[in-house]
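Reader: I should like to examine how the descriptive terms applied to this model are justified. Please take me through the reasoning behind each.

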Amino acid sequence: MAEPLLEARGIVKSFGRVRALRGASFTINAGEVVALIGDNGAGKSTLIKTLSGVLHPDDGEIRFEGSTVTISNPVAARELGIETVYQDLALAPDLESSANLFLGREALRPGLLGKLGFIDKRAMRRRTADAFKTLGVGVQDATAAVATLSGGQRQGVAVARAVTWAGKVVFMDEPTAALGVVQTRNVLDLIKRVRDTGLAVVLISHNMPEVMEVSDRVEVLRLGERVARFKTGDASMEDLVAAMTGALKHDEEPS
């Protein structure tokens, strides 16, 4: 069997006397959506922050493409091709979509002007338009400040930014939590399109119907440990809830 694209083995993380992760494990392969679920305090956010370089584990091993790696900070994660869409989106509201997509990674104009630090806005806008077209992000005026966009459009900008720079994995933390019905539908379709580009998508969500719809597999955390793994098509919503509450343990690799 091929090595997982990204794997956490026995991750331990404590904050003072609070053990947020008690030997948590996680795996994801290229081209799949894995939902990471669990009740509040299960350790989902801590695990994702550990895998994206925001937090350092106290113990355990992180493997990427079959090799043990140290993800010391978010820049190291990005160098591996790992990007994260946080719940607050981390967008600059006064800037347009293209400026947000290239924030901190601005394209410079060719030649002397580029050496002098002049930004190539035309190239950035062109690449942004291509990304929006590929992912089906519906932003009518890409030159408008992000603050003027709807919640769903802002989510689309944040996802497009992650996908533009992610070579391997995109983490999405509660991407539909503050959205209406139509905007939620657009984001769920967007998640499927991201997977179809070959990227691995980790979806953190409390919404079980959405998890059942878009994920290929589900991994369940409880009290800082992985307690269950399912192929989504082989599990019921009752199975997921039972694993989250401790009534069911199923931490075997789905066949």
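**Helix α9 and its surroundings**

Author: Helix α9 (residues 237-245) lies across β3, β9 and β10, and runs at about 25° to β9. The model is a predicted one.

Reader: Which residues of α9 are buried, and what do they pack against?

Author: Leu240, Ala242, Ala243 and Met244 are the buried residues of α9. They pack against β3, α8 (208-214), β9 and β10. Glycine 246 follows the helix, and its phi is positive, near 95°.

Reader: What makes lysine 249 an exposed residue?

Author: Lysine 249 lies in the segment after α9. Its relative accessible area is 67%, and the term exposed applies over 50%; lysine 249 is therefore called exposed. Its C-alpha atom is separated by 8.7 Å from that of arginine 229, with the two positions 20 residues apart along the chain counted as their spacing.

**The two sheets**

Reader: What is the strand order of the sheet of 6 strands, and how is it paired?

Author: The order is β6-β7-β8-β3-β9-β10, in an open sheet with mixed pairing.

Reader: Why are β6 and β10 said to stand at the edges?

Author: β6 (82-85) and β10 (225-231) each have a single partner strand, so one side of each is left without a neighbour in the sheet. On average, neighbouring strands of this sheet are turned by 20° against each other, direction ignored.

Reader: How do you know that β7 and β8 count as paired?

Author: Pairing requires at least two bridges between the strands. Strand β7 (residues 169-173) and strand β8 (residues 200-204) have 5 bridges, in the parallel sense; the requirement is therefore met. Methionine 172 stands opposite leucine 203 in β8. Helix α1 (residues 44-51) packs on this sheet, where it touches β3 (33-37), β6, β7, β8 and β9 (217-222), and its direction makes about 130° with that of β3.

Reader: What makes β2 and β5 the edge strands of the sheet of 4 strands?

Author: That open sheet has the order β2-β1-β4-β5 with antiparallel pairing. β2 (18-28) and β5 (67-69) each pair on one side only. Its neighbouring strands are turned by 30° against each other on average, direction ignored. α1 packs on this sheet too, touching β1, β2 and β4, with its direction at about 115° to that of β1.

Reader: How many bridges join β1 and β4, and in what sense do the strands pair?

Author: Strand β1 (residues 6-15) and strand β4 (residues 59-64) pair over 5 bridges in the antiparallel sense. Here valine 12 stands opposite aspartate 59 in β4.

**Salt bridges and accessibility**

Reader: Why is the contact between glutamate 61 and arginine 63 called a salt bridge?

Author: The closest N and O atoms of glutamate 61 and arginine 63 are 3.3 Å apart. The cut-off is within 4 Å, so this pair qualifies as a salt bridge. The pair belongs to a network of salt bridges that links Glu3, Glu7, Arg9, Glu61 and Arg63. By this rule the count comes to 16 salt bridges.

Reader: Why is arginine 63 called buried, whereas glutamate 61 is called partly exposed?

Author: Arginine 63 has 14% relative accessibility, and buried means under 20%; arginine 63 therefore counts as buried. Glutamate 61 has a relative accessible area of 24%, which lies between the limits of 20% and 50%, so the term is partly exposed.

Reader: What makes arginine 185 and aspartate 189 a salt bridge, and where do they lie?

Author: Their closest N and O atoms are 3.2 Å apart, which is within 4 Å, so the pair meets the criterion. Both lie in helix α7 (residues 181-196), 4 residues apart, about one turn of the helix. Arginine 185, at 33%, and aspartate 189, at 26%, are each partly exposed.

Reader: How do you know that arginine 195 is buried and aspartate 196 exposed?

Author: Arginine 195, found in helix α7, has 19% relative accessibility, and this is under 20%, so it counts as buried. Among residues beyond four places away in sequence, arginine 195 touches Gly31, Glu32, Val33, Val201, Val214 and Asp216. Aspartate 196 has a relative accessible area of 62%, over 50%, and is therefore exposed. The two form a salt bridge, with their closest N and O atoms 3.5 Å apart.

How values were computed
Residues numbered from 1 in each chain as written. Predicted model: local features only at pLDDT ≥ 70, side-chain atom pairs only at ≥ 80, totals over all residues. Heavy atoms only, no water. Helix = DSSP H or I, 4+ residues; strand = E, 2+ residues; numbered from the N terminus. Axes fitted to C-alpha atoms, helices over the stretch in contact; angles between N-to-C directions. Contact = heavy atoms within 4.5 Å. Buried < 20%, exposed > 50% of the residue type's maximum accessible area, 1.4 Å probe, protein only. Salt bridge = Lys/Arg side-chain N within 4 Å of Asp/Glu carboxyl O.
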